[in-house]
Amino acid sequence: ASPVAVLRLLDAAGNPVTDATVSLTAFHHARAADRVKTVLLAVAEAPGTYRGSIRIAREGRWAFEIDCAAGDERFTSDQERFILLPMAADTAEAAG
């Protein structure tokens, strides 16, 4: 299964931002030309929360470009995170 990206959007007053369009572009620092794009969808039971699957196939430092639009307002953010992937079941058995 693909990793899931989860984003929580709040306005300046700390209120959840609903009805936003949220896209995410990610790339591994070792392969900046190989960009992965996804759209995050609103989670109905958690106002202001958006989530979506993203194809991340390697561990390491990733850059994330977040683009959010709600009404006539737009927010962009660049973030970096070190990603660790879960160990596959067959690899875990061989290691144990």
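The six strands of the protein form an open sheet in the order 1-4-3-2-5-6, with antiparallel pairing, where strands (E, at least two residues) and helices (H or I, at least four residues) are DSSP runs numbered from the N terminus, and where two strands pair if DSSP finds at least two bridges between them. Strand 1 (4-8) and strand 6 (73-83) stand at the edges with a single partner strand each, so one side of each is left without a neighbour in the sheet. From one strand to the next the twist averages 25 degrees, the axes being lines fitted to C-alpha atoms and the angles running from 0 to 180 degrees between N-to-C directions. The model is a predicted one, in which local features need pLDDT of at least 70 and side-chain atom pairs count only at pLDDT 80 or more, whereas totals for chains, interfaces and linings use all residues. Residues are numbered from 1 along each chain as its sequence is written, and side-chain values use heavy atoms, with hydrogens and water left out.

Read along the sequence, the protein follows the pattern β-β-β-β-β-β-α, with one helix in addition to the six strands. Within the sheet, strand 2 (residues 21-28) and strand 5 (residues 60-70) pair in the antiparallel sense over eight bridges, and His28 stands opposite Trp62 in strand 5.

The largest nonpolar core has 17 residues, and those with the most contacts inside it are Leu7, Leu9, Val22, Ile54 and Phe64; such a core is a set of buried Ala, Val, Leu, Ile, Met, Phe, Trp, Tyr and Cys residues joined through side-chain atoms within 4.5 Å. Strand 1, strand 2, strand 3 (36-42) and strand 5 each supply at least two residues of this core, and the largest share, four residues, comes from strand 5. When its neighbours within four places in sequence are left aside, Leu7 is in contact (heavy atoms within 4.5 Å) with Val22, Leu40, Gly48, Thr49, Tyr50, Ile66 and Cys68.

Of the 96 residues of the protein, 29% count as buried, which means under 20% relative accessible area, with exposed set at over 50% and partly exposed in between (1.4 Å probe, protein chains only). Asp19, found in the loop between strand 1 and strand 2, counts as exposed because its relative accessibility is 72%. Most residues other than glycine have a negative phi, whereas phi of Asp19 is near 60 degrees, a positive value.
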